[in-house]
Amino acid sequence: AVLVGAVLAGCAPGGGTATPEAPPDIYLVVVDTWRWDTLGANLGSSRGDSGSDLTPHLDRLAERGVRFARAFAPSPWTQPSVASMLTGVHPTVHGGFGRLADVAPIRLGVPLVSERLSAAGYHTLAVVNGFFLSPKLGFERGFAIFDYFASSNLDVRRAGPTVDVALNHLREAAPGPPVFAFVHLFDPHLAYDPPPPFAVASPTYEAPFKDLRGMRLGTLDRDPEHLAHVRRLYEGEVAYVDRELGRLLESLEAVRPGRERLIIVTADHGEELGDHQGWEHGHAMYRELLQVPLLVVPPASRPPTVGVVEAQVRLIDLIPTMLDAAGLPLPEEGIAKSLFPWFESEARRDDLTAYGERVHLGRASVALRDGRYALIHYPDEDRFELYDQRLDPLERRDLAALEPERVEALARRLGRIQRTLAERARRVEGPDEEIDLTPEEMEKLEALGYVGG
């Protein structure tokens, strides 16, 4: 009732100015496993390889709106990261994470943006793929339509069919109330097998899934030719997704004409392609896994004055941004902030502290990025790594032994954040839940490469 009243009154704490007659449609598009350095707009025309022209449709979207050059996910795998996007809180608070198959759903006491927008009169719909976004894990809450497909490497709903389904749901919704649409594309998740004309031929390697998983497990030799081919396969999938997202975005005006729109396109996490001698995701906290592309096209009534934001931001900031666009009150308590001030004012240049956490594959770890330095902590070993993101953007030179005072200062800051999040988690209503996986779901996880990894 409070949210509905806010819309009717035109109330917009945090800078929202949406009119009560026509709140904007809101589109949140999440591309699974999308590296930040395969968005052409993030690289510019100076890069000489194919990466600078992989994404012409999304590059044009960046020209229409705002590109955040340094956006970070709160976790390097799907479930906790997307849950944070939809709740505006970190995994410790929303509870939607776990090790291997022992995952827990989002806590009932943590509202999703779909619930907030539904209460404000939005028609809410989701088209998602993959077990880690299943209704069993709480992601369907607040959605009038939750079109779920348990994609895996054995059975995939690719970007093209996913876009078709999303457009069909949007046609059925027109010309009703404002829409919140959450669209999740499974590509370019492993196995990297782009369809024609994006497929990459090789006389010696056809990318069977067992070989790609062998690369992660360290049982397959990684010669340079092999690695270059895997990278080309991955980039082929990115190019395919770009084409399909172009089709989705170009269809919005025809499907829902005359609507103001907030469009957000991002990724749940990145992908390691041998950057630190590892593969896939969920196993580490380095930049290639946590930095993600982030494009925002605000409603026409709130044009941006800044086209590229160099300041560091976080995916947890998306929910207050969406509420801000809808003219709804922002959450009273929390770290997340609306991103509108970052692109509506030339003066806003401050970095937001990016905190990440991971309990999934391998050693548990947490990370703190203050805009200049990245601190990674392995609590089971009480060991730290420190990287200067300005001088060492690929995070190859560990400075922890050389700068112990900086490590100590950042570690104290990291500890304060962890204590704050733990206290907020204790105040969330409802106990943690456990789920029982069916044999079919276990088979899906095995096909994704998570079980036994």
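Just after helix 11, which spans residues 318-325, Gly327 takes a positive phi of about 75 degrees, and this glycine is a convenient place to enter the structure, which is a predicted model. Helix 11 itself is mostly covered, for eight of its eight residues are buried. They are Leu318, Ile319, Pro320, Thr321, Met322, Leu323, Asp324 and Ala325, so that the buried set of helix 11 includes Thr321 and Asp324 as well as Leu318 and Leu323.

Two residues of this helix lead outward to other parts of the chain. The first to follow is Met322, which, leaving aside its neighbours within four places in sequence, is in contact with Ile26, Leu28, Met85, Val113, Phe180, Leu262 and Ile264. Met322 also belongs to the largest nonpolar core, a set of 112 residues in which Phe68, Phe180, Phe182 and Met322 are those with the most contacts inside the core. The residue giving its name to one of those contacts, Phe180, therefore appears both as a partner of Met322 and among the residues with the most contacts in the core. Helix 9, made of residues 224-255, gives the most to this core, with 12 residues. In soluble globular proteins, nonpolar side chains tend to be buried together. A second core, separate from the largest one, has 12 residues, including Ala284, Met285, Ala374 and Ile376.

The other residue to follow from helix 11 is Ile319, which is one of the residues touched by Thr87. Thr87 is found in helix 4, residues 78-87, and it counts as buried because its relative accessible area is 5%, against a limit of 20% for that class. Not counting residues up to four places away in sequence, Thr87 touches His94, Ile106, Val110, Pro111 and Leu112 in addition to Ile319. The side chain of Thr87 also has a polar atom that lies 3.4 Å from the backbone nitrogen of Val89.

Helix 9 comes up again when the empty space inside the model is considered. A search of the whole structure finds six cavities of 30 Å³ or more, and the second largest of these holds about 40 Å³ of space. Its lining is made up of Tyr27, Val29, Leu170, Ala181, Val183, Leu248, Leu249 and Leu252. Strand 1 (25-31), strand 7 (179-185) and helix 9 each supply at least two residues of that lining, and the largest share, three residues, comes from helix 9.

Further along the chain, three strands follow one another in antiparallel pairings, and strand 15 takes part in both of the pairings described here. Strand 14, residues 354-358, is joined to strand 15 by five bridges, and the two run antiparallel. Within this pair, Tyr355 stands opposite Leu368 of strand 15. The hairpin of strand 14 and strand 15 has six residues between the strands, and there Gly362 takes a positive phi near 70 degrees. Strand 15 also pairs with strand 16, residues 373-378, in the antiparallel sense over four bridges, with Val366 standing opposite His377 in strand 16. In this hairpin three residues lie between the strands, and Gly371 takes a positive phi near 105 degrees.

Strand 15, which covers residues 365-369, is mostly covered on its own account, since five of its five residues are buried. Ser365, Ala367 and Arg369 point one way from the strand, whereas Val366 and Leu368 point the other way, and all are buried. The residues named as standing opposite a neighbouring strand, Leu368 and Val366, thus point to one side of strand 15.

Strand 16 begins at Tyr373, and from Tyr373 the path can be taken to Asp392. The C-alpha atoms of these two residues are separated by 9.6 Å, although they are 19 residues apart along the chain. Asp392 lies in the loop between strand 17 (383-388) and helix 13 (404-427). Is this loop residue buried or exposed? Asp392 counts as buried because its relative accessibility is 14%, which falls under the 20% limit. A polar atom of the Asp392 side chain lies 2.9 Å from the backbone nitrogen of Arg396, and, leaving aside neighbours within four places in sequence, Asp392 is in contact with Tyr387 and Arg397.

These local pictures belong to a protein whose secondary structure comes to 14 helices and 17 strands. Buried residues make up 58% of its 453 residues. Of the contacts in the protein with a separation of 6 or more, 71% are between residues 24 or more positions apart.

Notes: Residues numbered from 1 in each chain as written. Predicted model: local features only at pLDDT ≥ 70, side-chain atom pairs only at ≥ 80, totals over all residues. Heavy atoms only, no water. Buried < 20%, exposed > 50% of the residue type's maximum accessible area, 1.4 Å probe, protein only. Contact = heavy atoms within 4.5 Å. Polar contact = N/O pair within 3.5 Å; in protein donor to acceptor, adjacent residues only side chain to side chain. Core = buried A, V, L, I, M, F, W, Y, C linked by side-chain atoms within 4.5 Å. Pairing = 2+ DSSP bridges. 1 Å grid on protein atoms, 1.4 Å probe; cavity = no way out; pocket = protein on both sides within 12 Å on 5 of 7 lines; lining within 4 Å. Points joined across faces, edges and corners; volume = space filled by probe spheres on them.
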